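Q: Hey, I just opened this one up and I'm new to it. Can you walk me through what's in there?

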Amino acid sequence: MTNLPLTGNFQITATFKQINNKLWKTLGYHTGIDFIGSDNIYATCDGIVDTIAFSKAYGNYIVIKELNSDRFHYFCHLASTKVKKGDKVNRSTILGIMGSTGNVTGKHLHYEIRKGKTLSDKTLINPADYCGIPNKKGTYNSNDYQLKVDEIKYKVHIQNIGWQEQKENGQLAGTEGEALRLEAIIIYSTVPLQYRVHLQEIGWTDWCPQDCMAGTVGEGKRLEAIEIIAQKEIQATAHIQDIGWQETKIGTQIKIGTEGRALRLEALKLEFVK
(Lines give C-alpha, C1' and ligand atoms only; values in the text may rest on other atoms or scores of the structure.)
Protein backbone atom coordinates (compact mmCIF):
# COMPACT_ATOMS: atom_id res chain seq x y z
CA MET A 1 0.00 0.00 0.00
CA THR A 2 1.25 3.48 -0.86
CA ASN A 3 0.13 7.11 -0.80
CA LEU A 4 0.56 7.17 -4.57
CA PRO A 5 -2.35 7.58 -7.02
CA LEU A 6 -1.02 4.90 -9.39
CA THR A 7 0.85 1.60 -9.32
CA GLY A 8 3.90 0.07 -10.98
CA ASN A 9 6.34 2.12 -13.04
CA PHE A 10 5.51 5.79 -13.36
CA GLN A 11 7.05 9.06 -14.50
CA ILE A 12 6.97 12.47 -12.88
CA THR A 13 6.77 14.94 -15.77
CA ALA A 14 6.10 18.16 -13.84
CA THR A 15 7.08 18.87 -10.24
CA PHE A 16 5.44 20.81 -7.42
CA LYS A 17 6.16 24.56 -7.69
CA GLN A 18 7.94 24.14 -11.03
CA ILE A 19 7.96 27.69 -12.42
CA ASN A 20 6.40 28.55 -15.78
CA ASN A 21 4.32 31.72 -15.99
CA LYS A 22 2.97 30.85 -19.43
CA LEU A 23 1.72 27.37 -18.54
CA TRP A 24 0.53 28.07 -14.99
CA LYS A 25 -0.80 31.59 -14.85
CA THR A 26 -2.74 31.50 -11.57
CA LEU A 27 0.27 31.37 -9.23
CA GLY A 28 3.09 31.30 -11.75
CA TYR A 29 4.10 27.77 -10.83
CA HIS A 30 2.80 24.21 -10.95
CA THR A 31 0.35 23.56 -8.11
CA GLY A 32 0.74 19.78 -7.98
CA ILE A 33 2.64 16.89 -9.54
CA ASP A 34 2.04 15.41 -12.99
CA PHE A 35 2.23 11.63 -13.33
CA ILE A 36 2.29 9.30 -16.33
CA GLY A 37 1.82 5.61 -15.59
CA SER A 38 -0.92 3.08 -14.95
CA ASP A 39 -4.36 3.85 -16.39
CA ASN A 40 -6.11 3.15 -13.09
CA ILE A 41 -6.01 6.11 -10.69
CA TYR A 42 -6.33 5.24 -7.00
CA ALA A 43 -7.39 7.20 -3.94
CA THR A 44 -4.41 8.26 -1.84
CA CYS A 45 -6.17 8.32 1.54
CA ASP A 46 -9.22 7.18 3.43
CA GLY A 47 -11.88 9.72 2.62
CA ILE A 48 -15.16 10.78 1.04
CA VAL A 49 -15.76 11.82 -2.56
CA ASP A 50 -16.45 15.54 -2.16
CA THR A 51 -16.64 16.66 -5.80
CA ILE A 52 -16.90 15.20 -9.29
CA ALA A 53 -16.84 17.93 -11.92
CA PHE A 54 -15.40 19.29 -15.16
CA SER A 55 -13.45 22.50 -15.71
CA LYS A 56 -11.52 23.92 -18.66
CA ALA A 57 -8.29 23.74 -16.68
CA TYR A 58 -8.65 20.43 -14.82
CA GLY A 59 -10.92 18.58 -17.25
CA ASN A 60 -12.73 15.73 -15.51
CA TYR A 61 -11.61 15.85 -11.91
CA ILE A 62 -12.40 14.32 -8.53
CA VAL A 63 -11.86 15.86 -5.10
CA ILE A 64 -11.48 13.57 -2.06
CA LYS A 65 -11.92 14.97 1.47
CA GLU A 66 -9.47 13.08 3.68
CA LEU A 67 -10.95 11.62 6.86
CA ASN A 68 -9.89 13.30 10.13
CA SER A 69 -7.99 15.97 8.19
CA ASP A 70 -8.48 19.32 6.48
CA ARG A 71 -6.70 18.05 3.36
CA PHE A 72 -8.49 17.84 -0.01
CA HIS A 73 -6.95 15.68 -2.77
CA TYR A 74 -7.49 16.65 -6.42
CA PHE A 75 -7.24 14.09 -9.26
CA CYS A 76 -7.42 15.86 -12.62
CA HIS A 77 -7.62 15.31 -16.41
CA LEU A 78 -9.38 11.96 -16.02
CA ALA A 79 -10.77 10.15 -19.04
CA SER A 80 -13.60 8.75 -16.93
CA THR A 81 -14.64 8.37 -13.29
CA LYS A 82 -15.66 5.24 -11.37
CA VAL A 83 -17.05 6.70 -8.14
CA LYS A 84 -19.86 9.05 -7.23
CA LYS A 85 -20.18 11.95 -4.83
CA GLY A 86 -20.50 10.80 -1.22
CA ASP A 87 -18.75 7.46 -1.75
CA LYS A 88 -16.32 6.31 0.94
CA VAL A 89 -12.89 5.49 -0.51
CA ASN A 90 -9.57 4.04 0.61
CA ARG A 91 -6.20 3.39 -1.00
CA SER A 92 -7.52 0.37 -2.90
CA THR A 93 -10.38 2.34 -4.51
CA ILE A 94 -10.07 3.07 -8.23
CA LEU A 95 -11.32 6.62 -8.73
CA GLY A 96 -11.06 6.79 -12.50
CA ILE A 97 -8.94 6.35 -15.60
CA MET A 98 -6.00 8.55 -16.56
CA GLY A 99 -6.86 10.82 -19.47
CA SER A 100 -6.20 14.05 -21.32
CA THR A 101 -9.28 16.16 -20.60
CA GLY A 102 -9.01 19.87 -19.88
CA ASN A 103 -5.96 22.06 -20.49
CA VAL A 104 -3.28 19.47 -21.28
CA THR A 105 -0.60 18.69 -23.82
CA GLY A 106 -0.96 14.94 -23.37
CA LYS A 107 -2.34 12.11 -21.27
CA HIS A 108 -1.38 12.36 -17.59
CA LEU A 109 -2.68 12.79 -14.05
CA HIS A 110 -2.37 16.13 -12.28
CA TYR A 111 -2.44 15.40 -8.53
CA GLU A 112 -2.83 18.27 -6.11
CA ILE A 113 -3.38 18.58 -2.35
CA ARG A 114 -4.88 21.60 -0.61
CA LYS A 115 -5.52 22.54 2.98
CA GLY A 116 -9.17 23.42 2.51
CA LYS A 117 -10.53 23.91 -1.00
CA THR A 118 -9.23 27.43 -1.69
CA LEU A 119 -6.35 27.64 -4.16
CA SER A 120 -3.54 29.85 -2.83
CA ASP A 121 0.12 29.62 -1.97
CA LYS A 122 -0.78 29.16 1.72
CA THR A 123 -3.22 26.29 1.14
CA LEU A 124 -1.12 24.14 -1.19
CA ILE A 125 0.63 21.05 0.20
CA ASN A 126 3.58 19.39 -1.50
CA PRO A 127 2.26 16.07 -2.90
CA ALA A 128 5.79 14.67 -3.05
CA ASP A 129 6.13 14.98 0.73
CA TYR A 130 2.73 13.36 1.23
CA CYS A 131 3.50 10.50 -1.18
CA GLY A 132 7.05 10.07 0.14
CA ILE A 133 8.62 10.48 -3.31
CA PRO A 134 11.23 12.87 -4.74
CA ASN A 135 9.92 16.16 -6.07
CA LYS A 136 11.99 15.57 -9.18
CA LYS A 137 11.31 14.57 -12.77
CA GLY A 138 12.19 10.97 -13.47
CA THR A 139 11.03 7.36 -13.63
CA TYR A 140 10.07 5.52 -10.43
CA ASN A 141 8.26 2.39 -9.23
CA SER A 142 5.51 2.31 -6.62
CA ASN A 143 7.02 -0.80 -4.99
CA ASP A 144 9.82 1.40 -3.67
CA TYR A 145 7.40 3.61 -1.71
CA GLN A 146 5.34 1.19 0.36
CA LEU A 147 3.82 2.55 3.56
CA LYS A 148 4.61 1.15 6.97
CA VAL A 149 1.16 0.66 8.47
CA ASP A 150 0.77 0.63 12.24
CA GLU A 151 -1.70 -2.03 13.36
CA ILE A 152 -3.80 -2.55 16.43
CA LYS A 153 -5.40 -5.94 17.17
CA TYR A 154 -7.65 -6.89 20.06
CA LYS A 155 -9.85 -9.62 21.42
CA VAL A 156 -12.57 -9.53 24.07
CA HIS A 157 -14.07 -12.00 26.51
CA ILE A 158 -17.88 -11.96 26.21
CA GLN A 159 -20.53 -13.11 28.66
CA ASN A 160 -21.79 -16.64 27.81
CA ILE A 161 -19.44 -16.82 24.81
CA GLY A 162 -15.88 -16.58 26.09
CA TRP A 163 -12.97 -15.26 24.07
CA GLN A 164 -14.03 -14.01 20.66
CA GLU A 165 -11.69 -14.36 17.69
CA GLN A 166 -9.15 -11.56 17.32
CA LYS A 167 -10.21 -8.36 15.54
CA GLU A 168 -8.07 -5.62 14.04
CA ASN A 169 -7.92 -2.03 12.75
CA GLY A 170 -11.47 -0.82 13.33
CA GLN A 171 -13.30 -4.15 13.20
CA LEU A 172 -16.13 -4.71 15.66
CA ALA A 173 -15.28 -6.77 18.75
CA GLY A 174 -18.16 -7.89 20.96
CA THR A 175 -21.85 -8.09 20.07
CA GLU A 176 -24.74 -5.76 19.24
CA GLY A 177 -28.34 -6.36 20.26
CA GLU A 178 -27.61 -9.41 22.40
CA ALA A 179 -27.30 -7.66 25.80
CA LEU A 180 -24.02 -9.40 26.55
CA ARG A 181 -21.32 -7.74 28.63
CA LEU A 182 -17.62 -7.52 27.80
CA GLU A 183 -15.64 -8.97 30.69
CA ALA A 184 -12.00 -8.69 29.60
CA ILE A 185 -9.83 -7.37 26.76
CA ILE A 186 -6.33 -7.94 25.36
CA ILE A 187 -4.82 -5.34 23.00
CA TYR A 188 -1.89 -6.08 20.66
CA SER A 189 -0.15 -3.20 18.89
CA THR A 190 2.83 -2.26 16.73
CA VAL A 191 2.83 1.07 18.61
CA PRO A 192 3.70 1.12 22.33
CA LEU A 193 0.59 1.61 24.46
CA GLN A 194 -0.92 0.83 27.85
CA TYR A 195 -4.51 0.50 29.01
CA ARG A 196 -6.76 -0.09 31.99
CA VAL A 197 -10.42 -0.92 32.49
CA HIS A 198 -13.18 0.26 34.77
CA LEU A 199 -14.64 -2.90 36.23
CA GLN A 200 -17.98 -3.57 37.94
CA GLU A 201 -17.68 -3.28 41.77
CA ILE A 202 -13.93 -2.66 41.48
CA GLY A 203 -13.44 0.58 39.56
CA TRP A 204 -10.28 1.34 37.63
CA THR A 205 -7.75 -1.48 37.49
CA ASP A 206 -3.99 -1.02 37.30
CA TRP A 207 -2.41 -0.02 34.00
CA CYS A 208 -1.18 -2.93 31.90
CA PRO A 209 1.04 -3.03 28.80
CA GLN A 210 0.01 -4.33 25.38
CA ASP A 211 -0.51 -8.08 25.09
CA CYS A 212 -1.78 -8.17 28.69
CA MET A 213 -5.33 -9.07 29.82
CA ALA A 214 -7.35 -6.33 31.53
CA GLY A 215 -10.58 -7.35 33.28
CA THR A 216 -11.68 -10.70 34.68
CA VAL A 217 -12.69 -14.11 33.41
CA GLY A 218 -15.14 -16.33 35.28
CA GLU A 219 -16.21 -13.70 37.80
CA GLY A 220 -19.24 -12.33 35.96
CA LYS A 221 -18.06 -8.69 36.13
CA ARG A 222 -18.79 -6.23 33.36
CA LEU A 223 -16.36 -3.84 31.72
CA GLU A 224 -17.80 -0.33 32.04
CA ALA A 225 -15.01 1.75 30.49
CA ILE A 226 -11.55 1.44 28.92
CA GLU A 227 -8.76 4.03 28.97
CA ILE A 228 -5.85 3.80 26.49
CA ILE A 229 -2.60 5.78 26.26
CA ALA A 230 -0.62 5.29 23.02
CA GLN A 231 2.36 6.87 21.30
CA LYS A 232 0.18 7.51 18.25
CA GLU A 233 -3.32 8.94 17.91
CA ILE A 234 -5.97 6.29 18.23
CA GLN A 235 -9.67 6.46 17.43
CA ALA A 236 -12.14 4.34 19.32
CA THR A 237 -15.84 3.92 19.98
CA ALA A 238 -17.90 1.68 22.24
CA HIS A 239 -21.40 0.21 22.15
CA ILE A 240 -22.90 0.81 25.60
CA GLN A 241 -25.93 -0.70 27.31
CA ASP A 242 -29.04 1.51 26.86
CA ILE A 243 -27.01 4.06 24.86
CA GLY A 244 -25.75 2.36 21.73
CA TRP A 245 -22.65 3.51 19.88
CA GLN A 246 -20.79 6.28 21.65
CA GLU A 247 -19.28 9.21 19.74
CA THR A 248 -15.82 8.33 18.39
CA LYS A 249 -12.94 9.45 20.61
CA ILE A 250 -9.62 10.48 19.04
CA GLY A 251 -6.30 11.20 20.75
CA THR A 252 -3.18 9.72 22.32
CA GLN A 253 -5.11 9.28 25.59
CA ILE A 254 -8.77 8.34 25.33
CA LYS A 255 -11.58 6.82 27.36
CA ILE A 256 -14.55 4.92 25.98
CA GLY A 257 -17.54 3.78 27.98
CA THR A 258 -18.99 5.30 31.16
CA GLU A 259 -18.11 5.58 34.85
CA GLY A 260 -20.54 5.46 37.75
CA ARG A 261 -23.57 4.53 35.66
CA ALA A 262 -23.43 0.72 36.00
CA LEU A 263 -23.67 0.29 32.21
CA ARG A 264 -21.93 -2.57 30.47
CA LEU A 265 -19.70 -2.31 27.43
CA GLU A 266 -21.12 -4.57 24.73
CA ALA A 267 -18.81 -3.91 21.74
CA LEU A 268 -15.96 -1.69 20.64
CA LYS A 269 -13.81 -0.64 17.68
CA LEU A 270 -10.16 0.45 17.88
CA GLU A 271 -8.00 1.93 15.10
CA PHE A 272 -4.92 4.11 14.73
CA VAL A 273 -5.49 7.45 13.00
CA LYS A 274 -3.81 7.30 9.60
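**Salt bridges and the rest**

A: Let's start with one residue: Lys221 is buried, at 14% relative accessibility. Keep in mind that this is a predicted model.

Q: OK, which residue does Lys221 meet in a salt bridge?
A: That would be Glu201, with N to O at 2.8 Å. Glu201 itself is exposed, with a relative accessible area of 68%.

Q: Where do Lys221 and Glu201 lie?
A: Lys221 is in the loop between strand 20 (213–215) and strand 21 (223–240), while Glu201 is in the loop between strand 17 (193–199) and strand 18 (203–204), so the pair ties together parts that are 20 residues apart in sequence.

Q: How many salt bridges does the structure hold?
A: There are 15. As background, side chains of opposite charge can pair when their charged atoms come close.

Q: Give me another one. What does Glu165 pair with?
A: Glu165 forms a salt bridge with Lys167, and their closest N and O atoms are 3.3 Å apart. Glu165 is exposed at 58% relative accessibility, whereas Lys167 is buried at 14%.

Q: And Arg264, which residue is on the other side of its salt bridge?
A: Glu266, at 2.7 Å from N to O. Arg264 is buried, with 18% relative accessibility. Glu266 is buried too, at 5%.

Q: Let me zoom out. How many helices and strands does the chain have?
A: One helix and 24 strands.

Q: What sort of box do the C-alpha atoms fill?
A: Roughly 75 × 30 × 30 Å, taken along the principal axes.

Q: How much of the chain counts as buried?
A: The chain has 274 residues, and 51% of them count as buried. As for the surface, the chain exposes about 13100 Å², with carbon and sulfur atoms supplying 45% of that.

Q: What about contacts between residues far along the sequence?
A: Take the contacts between residues at least 6 apart in sequence: 59% of those join residues at least 24 apart.

Q: Switching topic: how many disulfides are there?
A: The count is zero. A disulfide is a covalent bond between the sulfur atoms of two cysteines.

Q: Why does Cys45 have no bond to another cysteine?
A: Its closest cysteine sulfur is in Cys131, and at 10 Å that is too far for a bond. The cut-off here is 2.5 Å between the two sulfur atoms. Cys76 isn't in a disulfide either, since the nearest cysteine sulfur, again that of Cys131, is 14 Å away from Cys76.

Q: Is Cys45 buried or exposed?
A: Buried, with a relative accessible area of 1%. Cys76 is buried as well, also at 1%.

Q: Now threonines. Where is Thr31?
A: Thr31 sits in the loop between strand 1 (9–14) and strand 2 (33–36). At 10% relative accessibility, Thr31 is buried.

Q: Which side chain does the Thr31 side chain make a polar contact with?
A: The side chain of Glu112, at 2.5 Å.

Q: What else does Thr31 touch?
A: Not counting residues up to four places away in sequence, Thr31 touches Phe16, Tyr58, His110, Glu112, Leu119 and Leu124. So Glu112 shows up in that list as well as in the polar contact.

Q: And Thr237, which strand is that in?
A: Strand 21. Thr237 is buried, with a relative accessible area of 10%.

Q: Which backbone oxygen lies 2.5 Å from a polar atom of the Thr237 side chain?
A: The one belonging to Gln246. Gln246 is also one of the residues in contact with Thr237 once neighbours within four places in sequence are left aside. The others are Trp245, Glu247, Thr248, Ile256, Ala267, Leu268 and Lys269.

Q: Last thing, the surface. Which residues make a nonpolar patch?
A: Met1, Leu147 and Val149 make one of about 230 Å². Met1 lies in the segment before strand 1 and is partly exposed, at 44% relative accessibility.

Technical notes
Residues are numbered from 1 along each chain as its sequence is written. This is a predicted model: local features need pLDDT of at least 70, side-chain atom pairs count only at pLDDT 80 or more; totals for chains, interfaces and linings use all residues. Side-chain values use heavy atoms; hydrogens and water are left out. Buried means under 20% relative accessible area, exposed over 50%, partly exposed in between (1.4 Å probe, protein chains only). Helices (H or I, at least four residues) and strands (E, at least two) are DSSP runs, numbered from the N terminus. A polar contact is a pair of N or O atoms within 3.5 Å; within protein, one must be able to donate a hydrogen and the other to accept it, and residues adjacent in sequence count only if both atoms are side-chain atoms. Contact means heavy atoms within 4.5 Å. Patches are made of residues with over 30% relative accessible area and no salt bridge: like charges are joined within 9 Å, nonpolar side chains (Val, Leu, Ile, Met, Phe, Trp, Tyr) within 5 Å. Accessible areas come from the Shrake-Rupley method with a 1.4 Å probe; for residues, only the protein chains shown count as cover. A salt bridge is a side-chain nitrogen of Lys or Arg within 4 Å of a carboxyl oxygen of Asp or Glu.
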